[in-house]
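Biologist: I should like to go through this structure with you, element by element. Please show it first.

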Amino acid sequence: MKRNKILIVGGFTIDEIQGKIRPGGPLIYSSLGVMRGGGIPKLYGVIGEDFNFEIDFISDLEKQLIYDKYTIRFKIDLTNSGRRLILLKKPKSKIRVIDDNTVDGILVNPVCKEIDNINIQSSAPIAVDIQGFIRNCVESEEIKYERGLSFPFNSNYMVLHGNMEEFESSKLELSDLFKSGFKEIIISDGHNGFNVYTYTLAKYTYIPSRTGRNEVGTGDFLLGAYFALRLSGLEIIEAATIAGKLTEEFSNSEFLI
């Protein structure tokens, strides 16, 4: 299996979870997913001067970081009915998705509107997570979801990910996303697993056999693993099955807990 290099675009976060402070964000979680899926992450994103964590595997990765005074910082409350996010801080710096001819794919995964352009130009296949495009991102306020997101058509779009709450709140329609060029759409549904929809209207459902207590970052991990596996040549069902099992392992791991 070829080890594809994947550019991951987004931000680091500092997460206050149940009284504990830990590092997070798609540059960490999607990188782990890409690596477990057999790929090689390359990082491009924003980080604050207040990010004082040493993460061994991140230090070894190729990366281009834009420094700001603050890292995106959340207070995350986990309850039986779900999770509640409050944005505490966000950087002023923005990043723009750039075409990188040294990579085999680009994974665009903003946390809270740190990516300045939605018109993503790339000669490589593109994966997108909608979370950071539709969040309201107002400091000291609970995260809410905005409507009206639309992607300009791009034939290089490959896969898009979001969770059930994000799709329902933003009123995004699968048909519109397929018209924008996406070939596969993953919708996560917490402990119920996820569905993969294709532009041919096929649907594949993955139901986990066990779910762990590590609920933060699972969607980022899933997208990274699935995208890496698809780029390696696996078919949709095989890639989704393997990515689902890897995500189960991640949710049951002790990483950063």
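Biologist: How many bridges pair strand E1 with strand E4, and in which sense do they run?

Modeller: This is a predicted model, in which local features need pLDDT of at least 70 and side-chain atom pairs count only at pLDDT 80 or more, while totals for chains, interfaces and linings use all residues. Residues are numbered from 1 along each chain as its sequence is written, and side-chain values use heavy atoms, with hydrogens and water left out. Helices (H or I, at least four residues) and strands (E, at least two) are DSSP runs numbered from the N terminus, and two strands pair if DSSP finds at least two bridges between them. Gly10 stands opposite Gly45 in E4, and E1 (residues 5-11) and E4 (residues 40-48) are joined by seven bridges in the parallel sense.

Biologist: Which strands does H1 touch as it packs on the sheet, and what angle does its direction make with that of E1?

Modeller: Contact means heavy atoms within 4.5 Å; axes are lines fitted to C-alpha atoms, for helices over the stretch in contact, and angles run from 0 to 180 degrees between N-to-C directions. H1 touches E1, E4 and E8, and its direction makes with that of E1 an angle of about 160°.

Biologist: Why is helix H1 described as largely enclosed by the rest of the structure?

Modeller: Buried means under 20% relative accessible area, exposed over 50%, and partly exposed in between (1.4 Å probe, protein chains only). Among the buried residues of H1 are Pro26, Leu27, Ile28 and Tyr29. Helix H1 (residues 26-36) is largely enclosed because the buried residues number nine of the 11.

Biologist: What is the strand order of the open sheet, and which strands are at its edges?

Modeller: The open sheet has nine strands with mixed pairing, in the order E5-E4-E1-E8-E9-E10-E11-E12-E13. The twist averages 15° from one strand to the next. Each edge strand pairs on one side only, and these are strand E5 (62-68) and E13.

Biologist: Which residue of E10 is the bridge partner of Ile126?

Modeller: E8 and E9 pair in the parallel sense over three bridges, and there Ile126 is the partner of Ile106. E9 also runs parallel to strand E10 (residues 157-163), with four bridges. In E10, the bridge partner of Ile126 is Tyr157.

Biologist: Are the residues on the two faces of E9 buried or exposed?

Modeller: In a regular strand the side chains alternate between the two faces of the sheet. Ile126 and Val128 point one way from E9, whereas Ala127 and Asp129 point the other way, and all are buried.

Biologist: Which residue of E12 stands opposite Tyr206 in E13?

Modeller: E12 is antiparallel to strand E11 (residues 184-188), with five bridges, and Ile185 stands opposite Tyr197 of E12. On its other pairing, E12 runs antiparallel to E13 over four bridges. Opposite Tyr206 in E13 stands Phe194.

Biologist: Which residue has a positive phi in the hairpin of E12 and E13, and what is its value?

Modeller: Most residues other than glycine have a negative phi, and most peptide bonds are trans. The residue lies in the loop between strand E12 (194-198) and strand E13 (203-206), and counts as exposed because its relative accessibility is 73%. It is Leu201, with a phi near 75°.

Biologist: What is the phi of Lys113, and where is this residue found?

Modeller: Lys113 counts as partly exposed because its relative accessibility is 24%. Lys113 is found in the loop between strand E8 (105-109) and strand E9 (126-129). Its phi is positive although Lys113 is not a glycine, at about 60°.

Biologist: At what angle do the axes of H6 and H7 cross?

Modeller: Residues including Phe221 and Leu222 in H6 meet residues including Ala239 and Ala240 in H7. The axes of helix H6 (residues 218-231) and helix H7 (residues 236-251) come within 9 Å and cross at roughly 145°.

Biologist: Which element gives the largest share of the largest nonpolar core?

Modeller: A nonpolar core is a set of buried Ala, Val, Leu, Ile, Met, Phe, Trp, Tyr and Cys residues joined through side-chain atoms within 4.5 Å. The largest has 81 residues, and Phe12, Phe74 and Phe151 are among those with the most contacts inside it. The largest share of this core is nine residues, from H6.
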